[in-house]
Every structure is written in C-alpha cells, then in structure tokens.
Amino acid sequence: FTSTREELYKNNMWIFGYGSIVWKTEFPYTKKVPGYVKGFLRRFWWWSMDHRGVPEAPGRVVNLIQGEPEDVVWGMAYHIDDNDWINGVRDQLDHREKGGYTQFKTTFFPGSDNQKTETEGSSIEVTLYLGSDMHAHYAGPAPLQEIAKTILVSHGPSGANKEYLYNLAKGMREIAPHVEDNHLFELEAHVKKLDEEQTKISES
C-alpha cells in the first residue's frame, strides 16, 4: 500500500464491501484496500425489493452466509473519515442497505492477487452489512439456473438485476484476479448465456 501501516490502521471506521459497494461506492473515503474476510460465503440468496427488483417481482443480490472457518470472501475495505461517517455516510449506508441488512463487525485481512497477509498486526476491524437467514428478504438457496432466470428479468429503482451481477463479477476479477468465486462466476455464465439467447430471439 502507499500508506504506512501506522497511517493505515490509526482510525477505526472501515467498511467492507462485498456487493454493489465494490463497484458503486457513492460515498467519500480516504483509502481503499483489497482483501478478504474469513468464515463466510458470498451467495445470491437475498431478495432485492428496493434496488434490483420490486416487491411483486424481487431480484436477487448477494449476502454473506456462515461458512467454514477456512472460507474467505474477497472484497474491498474503505476507510471513512470520522466526520464524514457521523455527518452523512452512516445514514446513507443504513438507508442504502435498508432491505434487511444490519451492521456486523468482523476481521479483515488486506491482500492482493490472492496473496494472503495474515501476519501479526496486519488485520483491520471492519463493519459490513449482513442479512439474517431469519429475515423475510432471505431467499435461500436455489439451482443456479433458477437464480439466473430471476436475475435476467428483474429490474428495480437502481436498474437491471443482471447489471448488478455483471458489475460485481467484473469488480471481483479486478480486485482478486486469481480467486475463483465459483458461485459468482458460474451464475454470471448462466445469465450471460440466457441473455444472449434472449437477444437472438428478439433479433430474429
């Protein structure tokens, strides 16, 4: 990183982005650091009724679910100035994540290109937004083909559900190009195939 370790970790307000925050930040930050959190899996198991779908036709977006201790989810950590956090970013993110997500603190490990850095003093406490599997917006598992069909056709106030998926996959390839996020990339392939088939039909 360009900052010294002392500069990097002296302030506490870090947000970990693993979904749309990866590619659509929309809040001021002082630093961003690629890396991962442990013990979670990223899955498109969350109904979006306010961003990428509507209540009568919800889309699907990502949530983190409990995994094994060795499981990791890559994303981006953003440091936010205390004044910015207090004077707007906190409320902005709480509103953005209002569809069932709540704040959760965990440990973040900086890294790049799948190079893990779990050395003493290298970790950061981050806040992330997590949805409970007891919440009404928890969609749960489904065959990838079924999830893909939902994502292909869903739209909401923030745009097409498929663009959320495509942008997240693109962002993760940039952050951690050597990490194979099978759920994300297999789902992307399913949706792109359906998307191409639909385009061919509409052009014929």
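I started with helix α3, whose buried residues pack against β3 (40-48), β4 (59-66), α4 (161-175) and α5 (182-203). Worth remembering as I go: this is a predicted model.

Next I looked up which residues of α3 (residues 144-153) those are. The buried ones turn out to be L144, I147, A148, T150, I151 and L152. I jotted down a reminder about spacing here: an α-helix has 3.6 residues a turn, so residues three or four places apart point the same way.

Then I moved on to two of α3's partners, α4 and α5. At what angle do α4 and α5 pack? I got about 135°, and their axes lie 10 Å apart. Oblique is the word for α4 relative to α5, because angles from 115 up to 145 degrees are neither roughly perpendicular nor roughly antiparallel. I also checked the hand of the crossing, and for α4 and α5 it is left-handed.

Which residues of α4 and α5 meet? On the α4 side I listed K162, L165, Y166, L168, A169, M172 and R173. Facing them from α5 are L184, F185, L187, E188, V191, K192 and D195. I sorted the residues of this contact by type and got nine nonpolar, five charged and no polar.

Last, I stepped back to the whole protein. I counted five helices and 10 strands. Of its 204 residues, 50% are buried. I looked at contacts with a separation of 6 or more, and 77% of them join residues 24 or more positions apart. The exposed surface comes to about 10500 Å², with carbon and sulfur atoms supplying 50% of it.

Technical notes. Residues are numbered from 1 along each chain as its sequence is written. This is a predicted model: local features need pLDDT of at least 70, side-chain atom pairs count only at pLDDT 80 or more; totals for chains, interfaces and linings use all residues. Side-chain values use heavy atoms; hydrogens and water are left out. Buried means under 20% relative accessible area, exposed over 50%, partly exposed in between (1.4 Å probe, protein chains only). Helices (H or I, at least four residues) and strands (E, at least two) are DSSP runs, numbered from the N terminus. Contact means heavy atoms within 4.5 Å. Axes are lines fitted to C-alpha atoms, for helices over the stretch in contact, and angles run from 0 to 180 degrees between N-to-C directions. Angles under 35 degrees count as roughly parallel, over 145 as roughly antiparallel, 65 to 115 as roughly perpendicular and the rest as oblique. A crossing is left-handed if the near helix is turned anticlockwise from the far one by less than a right angle, and right-handed if clockwise. Ala, Val, Leu, Ile, Met, Phe, Trp, Tyr, Cys and Pro count as nonpolar, Asp, Glu, Lys and Arg as charged, and the others, Gly among them, as polar. Accessible areas come from the Shrake-Rupley method with a 1.4 Å probe; for residues, only the protein chains shown count as cover.
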